[in-house]
Each structure stands twice: as structure tokens, then as C-alpha cells.
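Visitor: I would like to go through a model feature by feature. Please give the general idea of each feature, then the case at hand.

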Amino acid sequence: GAPMQCVVSASTTLISMDGLGLTVVRLPYPTPDKSGSFSLGALRECSLSGNLLSSIDLRPLAACAQLSSLLLNGNLLREIDLSPLRHCTGLQRLWLHDNKLERLELQALSSCGELQSLYLDNNAVDEDTIDLSSLAHCVHLRSLRL
């Protein structure tokens, strides 16, 4: 079948596509609309849990300063570049559990001072290799699952 299209605008605050069996999701790169606002600029929650994603490009989320939740748990992710999240300073929930991640670089999260829950459990990564020092700035962190 034809790929599913997800249309977002500058006023989109929620992307929720949980449990749809999606194998590919391409988040749109921010482009200004007629008013000069950027698509995804108001995005607060992006939930793609319980799909069949083996990879995802998070670079479009760099423009989402208001993003508070990114839920990617329950997929088939083997690797993920979290560096675009350094711009998401209001991020509160990042759920990456129940994937197949083989390594995790958390340095980008040092700018996410509002982070409250970070779930990394049930992945292929060796917990002993995860450098948690980047989380020292996450003074609101209440729940960390490895």
C-alpha cells in the first residue's frame, strides 16, 4: 500500500501514532508557513510507541523547543542519534525502553534540565557502558530505568 502521510502545521501540538505497525516514520523538516511560524514549532508530544520502527531521524525535532514528551518505546530501534534533542530544553519524558538499541550516547540530554523520566530498559545495550554523567544537569529526573 501507499505510505501513510502525516500532515503537521505550526499549531500541531501532538503526534500520536501508537501501535499502528509502522515500519517507517519520516518527521517533516521544519518549514515556515505563510505566517512565518515553523511546522512542528508548537509540538509538545510525539508518541510513536509500539510500532516496527528500526530507525528514526530525530533531526526535525531540533526545532521543537516546547517538546515535553518523546515516546519511542516498543519498537525495533537498533540505534538512535539523540543529538537533536539538545535543543529540546523542555523535554520531560524520553522513553526508549523495549527496543533493540545496542548503544546509547546521552550527552545531548545534558541540556534537557527538565527531564523527569528516562526509560532505557529492555534494550541490547550493556548497562555498564552507558555514561550517565550527562544526566547530572537533569535535576528534575525522578525515574531512570536501565
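Visitor: Is cysteine 88 buried or exposed?

Guide: This is a predicted model, and its burial is read from relative accessible area, with under 20% counting as buried. Cysteine 88 has 0% relative accessibility, so this residue counts as buried.

Visitor: How far is the sulfur of cysteine 88 from the closest cysteine sulfur?

Guide: In general, a disulfide is a covalent bond between the sulfur atoms of two cysteines. The cut-off for calling one is 2.5 Å between the sulfurs. Here the closest cysteine sulfur belongs to cysteine 64 and lies 5.9 Å from that of cysteine 88, which is too far for a bond.

Visitor: What about cysteine 138, and how many disulfides does the count come to?

Guide: Cysteine 138 is in no disulfide, its nearest cysteine sulfur being that of cysteine 112, 6.4 Å away. The count for the structure comes to zero disulfides. Cysteine 138 also counts as buried, at 6% relative accessibility.

Visitor: How many aromatic pairs does the structure hold?

Guide: Two numbers matter when reading such a pair: the distance between ring centres and the angle between ring planes, where under 30 degrees counts as stacked. The structure holds one aromatic pair. Tryptophan 95 and tyrosine 119 have ring centres 5.1 Å apart and planes at 15°, so they are stacked.

Visitor: Which strands do tryptophan 95 and tyrosine 119 lie in?

Guide: Tryptophan 95 belongs to strand E4 (residues 93-95) and tyrosine 119 to strand E5 (residues 117-119), so the pair ties together parts 24 residues apart in sequence. Tyrosine 119 is buried, at a relative accessible area of 13%.

Visitor: What is the secondary structure of the chain as a whole?

Guide: The chain has zero helices and six strands, and its pattern along the sequence is β-β-β-β-β-β. Among contacts with a separation of 6 or more, 60% are between residues 24 or more positions apart. Of the 146 residues, 42% count as buried.

Visitor: How much area does the chain expose, and what share do carbon and sulfur atoms supply?

Guide: About 7,700 Å² is exposed, with carbon and sulfur atoms supplying 49% of it.

Visitor: Which residues make the nonpolar surface patch?

Guide: A residue needs over 30% relative accessible area to enter a patch. Leu132, Leu144 and Leu146 make a nonpolar one of about 210 Å². Leucine 146 is partly exposed, at 36%, and is placed in the segment after strand E6 (143-145).

Conventions:
Residues are numbered from 1 along each chain as its sequence is written. This is a predicted model: local features need pLDDT of at least 70, side-chain atom pairs count only at pLDDT 80 or more; totals for chains, interfaces and linings use all residues. Side-chain values use heavy atoms; hydrogens and water are left out. Patches are made of residues with over 30% relative accessible area and no salt bridge: like charges are joined within 9 Å, nonpolar side chains (Val, Leu, Ile, Met, Phe, Trp, Tyr) within 5 Å. Accessible areas come from the Shrake-Rupley method with a 1.4 Å probe; for residues, only the protein chains shown count as cover. A salt bridge is a side-chain nitrogen of Lys or Arg within 4 Å of a carboxyl oxygen of Asp or Glu. Helices (H or I, at least four residues) and strands (E, at least two) are DSSP runs, numbered from the N terminus. Buried means under 20% relative accessible area, exposed over 50%, partly exposed in between (1.4 Å probe, protein chains only). Contact means heavy atoms within 4.5 Å. Rings of Phe, Tyr and Trp (its six-membered ring) pair if their centres lie within 6.5 Å; planes under 30 degrees apart count as stacked, over 60 as edge-to-face and the rest as tilted.
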